[in-house]
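These notebook entries record what I looked up in one structure. I set them down by topic for a reader who is new to it.

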Amino acid sequence: MKKILFTLLAIAFCCTANAQFMGGFGQQGPSIKGKISGQLVDSLTQKPVEFATIVLINARTKKEVDGVISDEKGEFKLTEVKLGTYEIVASFLGYENKTIAEVKLDKKKPDANLDKVFMVSESLKLDEVVVTEEASLIENKIDKIVYNAEKDVANRGGDATDVLRRVPLLTVDLEGNVSLRGSQNLRILINGRPSGMFANNVADALKTIPADQIKSVEVITSPSAKYDGEGTAGIINIITKKKSVEGFTGSVNASIGNVQNNTVLNLSAAKGRFGINGNGSMYYSWPRDSRSTYFREDFFTGERNTTEQIGAGTSQYLGFNGSVNAFYDINAYHSLTSTFRLNGRRLSGDGLQNVIDNGFDELRRLSSTTNYDNSGLYSGYDWSTDYRIEFEENKEQELVFAFQISGNIDDRENNVAQDAGDAIDFAALNDGRNRETTFQVDYVQPFNPNLKLEIGAKSVLRRIESDYSRFDNVTQSIDNDPYRTNLFNYDQDVYAGYASFNIKFGKKYGLVAGARYEHTDFGGDYGTRVLDVNESAKRLAPFNESYSNILPSITLSRSYNFKTIKASYTRRIQRPSLFYINPFSDANDTRNVSFGNPLLNPELVSQYEVSYGAFIKGVVVNIGLFQRQTTDIIERFVIGVTDNVSESSYRNIGENNSVGVNLFSSATIKKVFTIRAGGNVYTYNPQGTINGINLDDVRGIQLDGFLSSSFAFKNGFKLEAFGFYKAPQLTTQGEIPSFSIFSVGAQKEILKKKGTIGVRVVEPFSKWKGFGTSQSNPQFTLDANYEVLFRSFGLNFSYRFGQLDFKQRERKSKIRNSDLKQGEGGGQGGGQGGGFNN
């Protein structure tokens, strides 16, 4: 018995000794795993930060181990975590990344409860000021103002023009023309990229983008050298809703109203190193009535002639917009991103105009009725691909190769029939094509945390074709007049290089300085239908020219106690786009003919700006003073009247030295009520002489402003109101009357905050909205007014679905073609016709 007991004790001793010996090389004790939990909270509002990304990082290897998303209460939990030391990094849009170091899990304390983790809004960075209302509706940064459109309930159911009307510093008139501090010479980007959709008519292009697809809008008034030199007033960057998460998610938005209806679908899927997201939308309008009046008195022939028109019409449109974005991370430092975008819009309109001509002789006295029937197809695409290389030694060091090809179609058909005098019945046709190819390389070299160099090179090759003709429906033949039937080919090649330094002097001072060199070759011809070069036909003569520009930029800023002072100087260029150079004569209105001018020179602008921004006790204030010197201003100009037909085109009218001030402020009261206001005041001081008109006599002050307010209640109900006013705007030959708009919107969260339902009302107290023009000089006077049914009511619904996982790294394209003066929004015939002004 003793032997047996001794033997058992010996075996137990050996097993124990062996376990202790092996424990020195293997796992000690039982296999225990821990958990990490906590709650993300906004440091100012004390509200939970939901759907934020929490990443678990090994403190020794710096590798990501796991990740989760905070829930609707801001709470998160990481389970099955091996014992060890970790770092926790929390991130979310509008907040600084929050890093919690030395989170230790051991056998005695395998669980870590971090309690409340306070997320600091980016408003607390010393180099920028942000409105700290919900999700920062307005962010005022050192180099741009950001308007987070997706957080504004009044945007539901509209289009991009409705969104831009609510952005600080921007104004949008009835026809959709966008101005930045009074100038339409700006560049619009989509997700940081140029788009061929804006090559011809900006207003029509913006109407193809549903408001429900827009995430935010960035306004850049002093672009650095890395941006294209085009856009003399600045750059507008429209950011669409894209998901950069792992898993599958989506949303659907729909709206219906008495004016416009649309449906938007967004889908996103990602797994590991590959992801794809896409969106698509359809929108259409009900038939929409319009009416117009027009009166012109002229003395071009030395005798008095008058033309009076009264018109009425109906218009309608149908369109679509979609995009697909895919990415693949080859490894931790190499990635590939490709995006394809497609859009289209078909417009149709019909109506009639009663015309009375009273000339000084019998031949010029005529009463007639003109019937018109118009249609147009506007469509385009962009395909871009970026190859990005990041470097292990420094995360900010980056090399990007980018390629993009864009195409745009602009086809129009105007059928016109007049029943008196020289009875006419014709169709004016124009098939427009625009193709743009871009190659670009960008490199970022950080030398230390306070010094960074950005350099790059770029080429943009543009090929434009306008095939226009007039077909006589009576004789069934084509009009051989080369001004009415011709083929116009236009090429423009831009080659550029830049260098920009970003320097920090301590924690309070910053400097961005650089220069950009751009060389432009351009030319045009008229195929086989070319006239001889003479004074009467010089706009149809072939041409080839080139020019070079050096465009410096410098911005100095100082930040202290949530205040920022910035001073900047930029020099920029504005090349005319197809809208301004297309020689096609839009004959929709037989008494007012307009055409482009292929011989326009580019505008050059030098701008000086000083701005001050402050964030004090929940109130944001930003004020900016600027001086803008512009040479070779491009404006529409009435050239003359022949046989009771007014002809207008675009001219380089001279110089303008404008000074102005812009103001924006926002305040939140008791976390429920927010009020925002802003405006621009600036001078119009053209200089020079054109067609006998002394522009020094055309001077005045321009102004515009907006006021908006919002209420946010605890039960998920929101209410918004918005008003805008633009005073009469001066031109070299007259003025454009004032314009205003008022809208309200309400929204309620439903389906456990995954859905919303809302209502939107525009101009509830005014059925019609007018857009007029008044012009006067010693040779003629003109008063025109175009009105359209504007009061609108709409219901909207949205729903989010899918499951998200932790955030992937950021992917943005480097291509930003910001160099063309883009087209205005209105028709080209004195405000008549009504078919294309919605």
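**Entry 1. A tryptophan and its patch**

In which loop is Trp286 found? I located Trp286 in the loop between β18 and β19, the latter strand covering 288-298. I note at the outset that the model I am reading is predicted.

I then looked up the accessibility of Trp286 and found a relative accessible area of 36%, so the residue is partly exposed. Trp286 belongs to a nonpolar surface patch of about 1,100 Å². I list the other members of this patch as Ile256, Met282, Tyr284, Leu318, Phe320, Phe340, Leu342, Tyr381, Trp383, Val759 and Leu795.

Which strands each supply at least two residues of the nonpolar patch? I found that β18 (274-285), β20 (305-329), β21 (334-358) and β22 (366-390) each do so.

**Entry 2. The protein as a whole**

I next recorded the overall figures. The protein has four helices and 50 strands. It comprises 838 residues, and 53% of them count as buried. The exposed surface comes to about 36,200 Å², of which carbon and sulfur atoms supply 57%.

I also looked up how contacts are spread along the sequence. Among contacts between residues at least 6 apart in sequence, 67% join residues at least 24 apart.

**Entry 3. A positive patch**

Which residues form the positive surface patch? I found Lys151, Lys752, Lys754 and Arg800. I followed one of them, Lys151, to the loop between β10 (145-147) and α2 (160-164). The relative accessible area of Lys151 is 32%, so I entered this lysine as partly exposed.

**Entry 4. Salt bridges**

I turned to charged pairs. Side chains of opposite charge can pair when their charged atoms come close. The count for this model comes to 14 salt bridges, and I examined several of them.

Arg388 forms a salt bridge with Glu398, and the closest N and O atoms are 2.7 Å apart. Arg388 lies in strand β22 and Glu398 in strand β23 (residues 398-418), so the pair ties together parts that are ten residues apart in sequence. Are these two partners buried or exposed? Because buried means under 20% relative accessible area, Arg388 at 9% is buried, and Glu398 at 13% counts as buried too.

Glu518 and Arg575 meet through their side chains in a salt bridge of 2.7 Å, N to O. Glu518 belongs to strand β28 (residues 509-525) and Arg575 to strand β30 (residues 563-576), so this pair ties together parts that are 57 residues apart in sequence. I recorded both Glu518 and Arg575 as buried.

Asp479 forms a salt bridge with Arg484, the closest N and O atoms lying 3.0 Å apart. Here I entered Asp479 as partly exposed, at 23% relative accessibility. Arg484 is partly exposed as well, with a relative accessible area of 36%.

I also noted a network of salt bridges that links Arg463, Asp491 and Asp493.

**Entry 5. Positive phi values**

I looked up backbone angles next. Most residues other than glycine have a negative phi. What is the phi of Asp115? I read a positive value of about 55 degrees, although Asp115 is not a glycine. Asp115 is found in strand β7 (residues 111-119). At 51% relative accessibility, Asp115 counts as exposed, because the cut-off for that class is over 50%.

Gln476 is another residue other than glycine with a positive phi, near 55 degrees. I placed Gln476 in the loop between β25 (451-472) and β26 (477-478). Gln476 counts as exposed, at 54% relative accessibility.

**Entry 6. The surroundings of a serine**

My last search concerned Ser665, which lies in strand β36 (residues 655-669). Its relative accessible area is 25%, so I classed Ser665 as partly exposed.

Which residues is Ser665 in contact with, leaving aside its neighbours within four places in sequence? I found Val619, Val620, Val621, Ile675, Arg676 and Ala677. For one of these, Arg676, I also looked up the C-alpha separation. The C-alpha atoms of Ser665 and Arg676 are 5.8 Å apart, while the two residues stand eleven places apart along the chain.

Notes:
Residues numbered from 1 in each chain as written. Predicted model: local features only at pLDDT ≥ 70, side-chain atom pairs only at ≥ 80, totals over all residues. Heavy atoms only, no water. Patch = residues over 30% accessible without salt bridge, like charges linked within 9 Å, V, L, I, M, F, W, Y side chains within 5 Å. Areas by Shrake-Rupley, 256 points an atom, 1.4 Å probe, with all protein chains shown as cover. Salt bridge = Lys/Arg side-chain N within 4 Å of Asp/Glu carboxyl O. Buried < 20%, exposed > 50% of the residue type's maximum accessible area, 1.4 Å probe, protein only. Contact = heavy atoms within 4.5 Å. Lys, Arg positive; Asp, Glu negative; His and termini not counted. Charge placed at Lys NZ, Arg CZ, Asp CG, Glu CD.
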